[in-house]
Amino acid sequence: MDQINLFPLFLSLRVALTATLFTIIIGLPVAYYLSRAKGKFTDFIDTVITLPIVLPPTVLGYYLLVLLGRQSPLGIFLEERLNIMIVFTPTGAIIAAMVVSIPFLIKSAKAAFANIDPNIINAARVLGRTEFNIFLTIIIPLAWRGIVAGITLSFARALGDFGTTLMVAGSIPNRTMTMPIAIYDALLAGNRDLANILVLIMTIVSLTVLYTINRLEKRVSKGGIQ
């Protein structure tokens, strides 16, 4: 038990929570746009957003390295002008987790937004509501079930990401080593006892988080929000 380091667990939770927060901020407006817009450009955007679900994690991680690496134009600009380095940092882990998880929120929220009766939205516009006000007070409450489902899936995906995070953030102990990477390293070192303990901890934490979210969802539903 002395060799158990809980830093990877706390880092994984912090990365997953932060990535989920940014996923909500970015994903909900994108999902609403995709649910209303039509045309080839919209279809193209939808296809690109879906790519992280089907691409191998190593391929996705490679694309992020090309985009954000220290030799890329964006990486050079961030490092030289803003003193920000993405690769092999916790920030890189957050970006990787966000990229792999955001499609789950967008897909779920998009379906929920598409099922809202347009007449309700048009009636609110006639009454003088602004688009932002309509989005916050009408659309979000009506689509909350799909949004919560998407947030849950996104958080779970961010918490368990391995391949993309390893490519972008690496496996630096006490810096960028998340729980899935710590499990992999334990197996690689032949330490099955440690791997078993880490797997058990990860499973318990994941089950607890998902169970809590499901209970909160049912409690809100009983409270009268439809």
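A residue counts as buried here when its relative accessible area is under 20%. By that yardstick, 39% of the 226 residues in this predicted model are buried. The chain has eleven helices and zero strands, so let's not go looking for sheets; read along the sequence, the pattern is simply α-α-α-α-α-α-α-α-α-α-α. Along its principal axes, the C-alpha trace spans about 65 × 45 × 30 Å. If we take contacts between residues at least 6 apart in sequence, 72% of them join residues at least 24 apart.

Let's start on the inside. The largest nonpolar core has 25 residues, and Val15, Ala19 and Leu198 are the ones that touch the most other members. Helices α1, α5, α8 (144–160), α10 (179–188) and α11 (192–222) each put at least two residues into this core. Zoom in on Ala19 and, leaving out residues up to four places away in sequence, you'll find it touching Ile94, Ala97, Met98 and Ala158.

Apart from that core there is another one, made of 20 residues, including Tyr32, Phe113, Ile134 and Ile138. Tyr32 and Phe113 turn up again in an aromatic cluster, where Phe135 joins them. Ile134 and Ile138 have a further contact worth a look: Arg129. Once its neighbours within four places in sequence are set aside, Arg129 is in contact with Ala124, Ile134, Thr137 and Ile138. This arginine sits in the loop between α6 (118–126) and α7 (131–142). Its relative accessible area is 39%, so it counts as partly exposed.

Now for the largest pocket, which has a volume of about 330 Å³. Which residues lie nearest its centre? They are Val48, Ile49, Pro52, Val99 and Ile102, out of 16 that line the pocket. The lining is easy to describe by class: 16 nonpolar residues, no polar ones and no charged ones. As for where these residues come from, α1 (7–36), α2 (40–54), α3 (57–68) and α5 (90–114) each contribute at least two. The largest share, five residues, belongs to α5, a helix that also supplies at least two residues of the 25-residue core.

Back to the aromatics. Across the whole structure there are five aromatic pairs. Take Phe162 and Tyr184: their ring centres are 5.1 Å apart and their planes meet at 55°, so this pair is tilted. The reason for that label is that planes under 30 degrees apart would be stacked and those over 60 edge-to-face, with the rest called tilted. Phe162 is in the loop between α8 and α9 (163–169) while Tyr184 is in helix α10, so the pair ties together parts that are 22 residues apart in sequence. How buried or exposed are the two partners? Both fall in the middle category: Phe162 is partly exposed at 27% relative accessibility, and Tyr184 is partly exposed at 38%.

While we're at α10, its buried residues are Met179, Pro180, Ile181, Ala182, Ile183 and Ala186. After the helix comes Gly190, with a positive phi near 80°.

Positive phi also shows up outside glycine. Most residues other than glycine have a negative phi, which makes the next two spots worth a glance. Phe88 has a phi near 60° and is found in the loop between α4 (73–81) and α5. At 43% relative accessibility, Phe88 counts as partly exposed. Asn174 likewise has a positive phi near 60°, and its place is the loop between α9 and α10. Asn174 comes out as exposed, since its relative accessibility is 52% and the cut-off for exposed is over 50%.

We can finish on α11, the helix that holds Leu207. Is this leucine buried or exposed? Leu207 is exposed, with a relative accessible area of 56%. Its C-alpha atom and that of Ala156 are separated by 9.8 Å, although the two residues are 51 apart along the chain.

Terms used:
Residues are numbered from 1 along each chain as its sequence is written. This is a predicted model: local features need pLDDT of at least 70, side-chain atom pairs count only at pLDDT 80 or more; totals for chains, interfaces and linings use all residues. Side-chain values use heavy atoms; hydrogens and water are left out. On a 1 Å grid over the protein atoms alone, a cavity is a set of points where a 1.4 Å probe fits but cannot get out, and a pocket is an open set with protein on both sides within 12 Å along at least five of seven lines; lining residues have an atom within 4 Å of a point. Grid points are joined across faces, edges and corners, and a volume is the space filled by probe spheres set on the points. Helices (H or I, at least four residues) and strands (E, at least two) are DSSP runs, numbered from the N terminus. Ala, Val, Leu, Ile, Met, Phe, Trp, Tyr, Cys and Pro count as nonpolar, Asp, Glu, Lys and Arg as charged, and the others, Gly among them, as polar. A nonpolar core is a set of buried Ala, Val, Leu, Ile, Met, Phe, Trp, Tyr and Cys residues joined through side-chain atoms within 4.5 Å. Buried means under 20% relative accessible area, exposed over 50%, partly exposed in between (1.4 Å probe, protein chains only). Contact means heavy atoms within 4.5 Å. Rings of Phe, Tyr and Trp (its six-membered ring) pair if their centres lie within 6.5 Å; planes under 30 degrees apart count as stacked, over 60 as edge-to-face and the rest as tilted.
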